[in-house]
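Student: Could we go through this structure together, asking at each step how a label is earned?
Tutor: Gladly, let's look at it first.

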Amino acid sequence: MKTSRRDFIQKTALFTGVFTLGFDWFSAEASSMEVVAGASRFNAFLSIDTLGKITLFSPNPEIGQGIKTAFPVVVAEELDVDWAQVQVEQANLDTKQFERQLTGGSGALKHSWERLRKAGATVRKMMLQAAADQWKVDVAQCKTSKGFVIGPAGQKASYGSLAEAAAKLPVPSEVTFKDRKEYKIIGTRVKGVDNKNVVTGKPLFGIDIRKPGMVFAQIVRPPFGATLKSFSAEDVKKMPGILEVVSFKNKVAIVGESTYAILQARASLTCDYGSDVPLESNDTHQNWFDEGMKSDKAQVMRKDGDFAAAIASAAKVIEATYECPFISHSPMEPMNFFADVKADSVLLAGPTQVPQPAQKAVSDLLKIPVDKIQVELSKMGGGFGRRLSNDFVLEAAELSSIIKKPVLVMWTREDDMTGGTYRPAARYRFKAGLDKNGEIIAFALRGVGLNAGNSTRQDNFPVGAIENVLIESIDQKSAVTTGPWRAPITNFLGYAEQAFLDEVAEAAGKDPIQMRLALLEKVKTKPVGKITYEPARFEEVIKQVAEKAQWKKKPGVHQGFSVYYSHLSYVAQIAEVKVEKGKPKVTKVTAVTDCGEVVNLSGAENQVKGAIIDGMGHALFAKLNFQKGVASPSNFNAYRMIRGNEIPVIDAHFVNNGIAPTGLGEPALPPTGGSIANAIYAATKKRHYKQPFN
């Protein structure tokens with residue numbers, strides 16, 4: 001593995017025996033790693049102290065995806081140290097040092113894999129050289145083990161004892177990565193670095209933030225599409241602990257000395273709203289879907305061959321419509337953020353998945369340069385995409401600028417579920433034509449989403465295997481705010497597509513797995529147009545899951561299959577259903593995932609199992625209703641989610657192909673609804689065309 005001097009320029013700083021090496025692991029390509037001189041200006045760095053402790057500063061926000069553990073695992077592996085020696089610290093936002101300081105899209109490991117390996121391997125080589133120089137031996141005769149360099153005569157020196165000498169060496173122009181067979185940490189089960197602090201209640205989260213002089217605030221927001229006309233706050237202002245009641249834009253903020261005070265006061269606040277147009281309801285959304293399906297203004301996302309002619313010539317036509325409602329992100333930690341706005345500077349602190357856009361938005365709002373806005377990052381108590389929207393950050397900054405105090409704006413659960421952002425509601429219509437031999441000769445998809453943008457994925461399977469394809473999308477604007485929800489778009493599209501293909505296989509008289517494998521074989525030999533997936537990797541997860549779940553070899557067990565590609569990873573699932581007291585019950589889900597190299601097996605299993613539980617719960621139960629611009633239910637007691645006793649056995653496996661890691665936070669969710677719906681159909685002969693199923 002070659003690294004040029006430009007790729008990896010040594011910038012060291014010796015602080016009382018600490019050797020610090022900086023590098024930029026978040027640049028677009030590994031070969032563009034740059035280093036900024038001076039310890040305080042490093043893009044990212046690892047340090048080795050005289051006791052051999054390695055500290056890694058992680059720029060990406062931790063939201064539960066395990067990145068704060070996975071990053072140091074990679075460095076520790078190539079550095080060849082004992083995992084117990086490694087510590088990791090959360091870095092704050094630094095736009096000059098980092099290029100991709102965000103959490104979203106399951107992309108962190110993919111972007112940093114090569115850089116982290118280089119970091120560890122380079123420092124390891126420098127340690128070897130420092131020891132060889134000290135012992136006056138050939139470096140080729142030295143080796144490393146658990147943070148020590150071992151010489152040919154049995155000499156042994158710790159990395160800590162070698163740090164100062166290593167810091168004075170030139171950075172090697174070439175480094176060699178470990179062979180996978182030598183891995184001691186990668187691929188094993190490693191405990192999360194924050195686990196103990198989480199279970200012992202350490203103040204890690206944004207809602208725990210406390211700053212000198214800080215006040216607390218809650219904000220009352222109008223129904224979607226409504227305007228604040230007036231509010232009555234005289235009684236509220238007289239209540240104990242209340243400092244101010246102020247309105248800004250379309251909202252009213254109650255500012256107080258404690259969360260208890262503002263919670264008590266909020267119940268006494270009355271607001272009057274109005275609107276020039278009828279506020280949205282479920283009926284409004286249904287009418288929009290109906291109009292979208294008939295509209296001649298759909299945007300054509302893909303057109304292969306002549307779909308109209310092919311469907312007209314088909315021996316059999318299969319058509320189905322699937323629909324999903326708005327749903328809440330429902331993180332355990334409701335939205336919150338701290339802001340301290342001064343005349344020429346801003347301090348922001350809290351849980352956001354995208355700190356740099358938050359900084360930019362606040363800069364635009366307050367007309368304060370971005371380099372005067374500091375952002376401290378806290379651990380996030382979940383998000384699932386909710387914290388990609390920075391509305392709560394802007395609210396805190398704007399309120400602080402109005403009241404001229406540092407303030408922590410705290411949302412209640414009800415605020416989050418009735419005034420936040422949601423997964424867009426969508427409707428899909430599929431149409432497929434079969435020839436007399438049961439081969440698919442035509443395939444069409446029209447998606448209508450409410451504030452969904454492009455509600456299709458026009459280059460994904462089965463596209464590429466069918467000669468005549470038409471993919472269309474309509475984006476209907478709504479007053480309801482929407483945003484990315486775990487596995488955006490594909491979280492429901494994956495279900496709808498996989499459920500529809502099950503119908504197509506049945507109509508063709510084919511096994512659903514064999515039908516997909518046959519389509520993938522066509523892609524391998526004669527692909528049609530652009531595709532974004534690798535058919536061979538698709539095939540492998542399908543074949544492995546069929547073997548591990550014993551597809552159709554279990555008497556009395558009804559199975560449903562699905563497979564989906566998203567965020568550069570492939571996941572195949574087989575769900576199993578038994579009928580108990582006349583009702584289908586999901587008893588097991590077997591999943592095989594190709595996400596490339598599995599860095600932390602424990603974390604990977606948790607991501608797959610969590611995604612399946614999440615996907616199953618939302619497919620079966622979750623739904624928000626809208627009446628007069630107001631969402632309901634408003635809290636977990638009425639918003640049905642999956643319960644502990646409803647979680648099936650989940651058997652998670654991974655393809656061991658050694659490819660560089662790809663995403664894993666989201667890819668296991670999209671196929672879940674499809675495998676469960678297909679298994680329920682196998683058990684009951686009832687298709688589910690709308691979520692939630694129950």
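Tutor: Let's start with a definition: two strands pair if DSSP finds at least two bridges between them. Keep in mind that this is a predicted model.

Student: How do you know that β14 and β24 pair?
Tutor: Five bridges join β14 to β24. The definition asks for at least two, so the two strands count as paired. They run antiparallel. One place to look is Gln-299, whose bridge partner in β24 is Ser-473.

Student: How many bridges link β23 and β24, and in which sense do they pair?
Tutor: Strand β23 (residues 440-450) and strand β24 (residues 468-476) pair over nine bridges, in the parallel sense. Ser-473 turns up here too, as the bridge partner of Gly-447.

Student: What makes the pairing in a sheet?
Tutor: Strands of a sheet pair through backbone hydrogen bonds, either parallel or antiparallel. In this sheet the pairing is mixed, and the five strands come in the order β14-β24-β23-β22-β15.

Student: Why are β14 and β15 said to stand at the edges?
Tutor: β14 (299-304) and β15 (316-324) each have a single partner strand, so one side of each has no neighbour in the sheet. On average, neighbouring strands here are turned by 10° against each other, direction ignored.

Student: Why is β24 described as largely enclosed?
Tutor: A residue is buried when its relative accessible area is under 20%. Seven of the nine residues of β24 are buried, so the strand is largely enclosed by the rest of the structure.

Student: Which helix lies across β15, β22 and β23?
Tutor: Helix α12 (residues 490-508) does, running at about 155° to β15.

Student: What describes the packing of two helices?
Tutor: Two packed helices are described by the angle between their axes and the distance between the axes. For α12 and helix α16 (residues 670-684), the angle is about 35° and the axes are 6 Å apart. Their crossing is right-handed. Among the residues making the contact are Gly-494, Tyr-495 and Ala-499 of α12, with Gly-673, Gly-674 and Ala-677 of α16. By class, this contact has five nonpolar, seven polar and two charged residues.

Student: Which classes of residue make up the contact of α9 with α10?
Tutor: That contact has eight nonpolar, one polar and one charged residues. Helix α9 (residues 355-366) and helix α10 (residues 391-403) pack at about 35°, with axes 10 Å apart, and the crossing is right-handed. Ala-358, Ala-361, Val-362, Leu-365 and Leu-366 of α9 take part, together with Val-393, Leu-394, Ala-397, Glu-398 and Ser-401 of α10.

Student: Where do α9 and α10 meet a sheet?
Tutor: There is an open sheet of seven strands in the order β11-β12-β9-β20-β17-β18-β19, with mixed pairing. α9 packs on this sheet, touching β17, β18 (346-350) and β19, and its direction makes about 145° with that of β19. α10 lies across β9 (215-220), β11, β12 (251-256), β17, β18 and β20, at about 35° to β17.

Student: What makes β11 and β19 edge strands?
Tutor: β11 (242-248) and β19 (373-377) each pair on one side only. Neighbouring strands of this sheet are turned by 20° against each other on average, direction ignored.

Student: How do you know that β17 and β20 pair?
Tutor: Four bridges join strand β17 (residues 336-341) to strand β20 (residues 407-410), and the pairing rule needs at least two, so they pair. They run antiparallel, and Ala-339 stands opposite Val-407 in β20.

Student: Why is Gln-90 called buried?
Tutor: Its relative accessibility is 19%, and the cut-off is under 20%, so Gln-90 counts as buried. Gln-90 is in strand β5 (residues 86-90). A polar atom of the Gln-90 side chain lies 3.4 Å from the backbone oxygen of Asn-60. Leaving aside neighbours within four places in sequence, the contacts of Gln-90 include Ser-58, Lys-68 and Leu-377.

Student: Is Thr-421 buried or exposed?
Tutor: Thr-421 has a relative accessible area of 7%, which is under 20%, so it is buried. Thr-421 is in the loop between α11 (413-419) and β21 (422-423). Not counting residues up to four places away in sequence, Thr-421 touches His-329, Arg-386, Ser-389, Thr-481, Thr-482 and Gly-483.

Methods: Residues numbered from 1 in each chain as written. Predicted model: local features only at pLDDT ≥ 70, side-chain atom pairs only at ≥ 80, totals over all residues. Heavy atoms only, no water. Axes fitted to C-alpha atoms, helices over the stretch in contact; angles between N-to-C directions. Left-handed = near helix turned anticlockwise from the far one by under 90°. Contact = heavy atoms within 4.5 Å. Nonpolar A, V, L, I, M, F, W, Y, C, P; charged D, E, K, R; others polar. Buried < 20%, exposed > 50% of the residue type's maximum accessible area, 1.4 Å probe, protein only. Polar contact = N/O pair within 3.5 Å; in protein donor to acceptor, adjacent residues only side chain to side chain.
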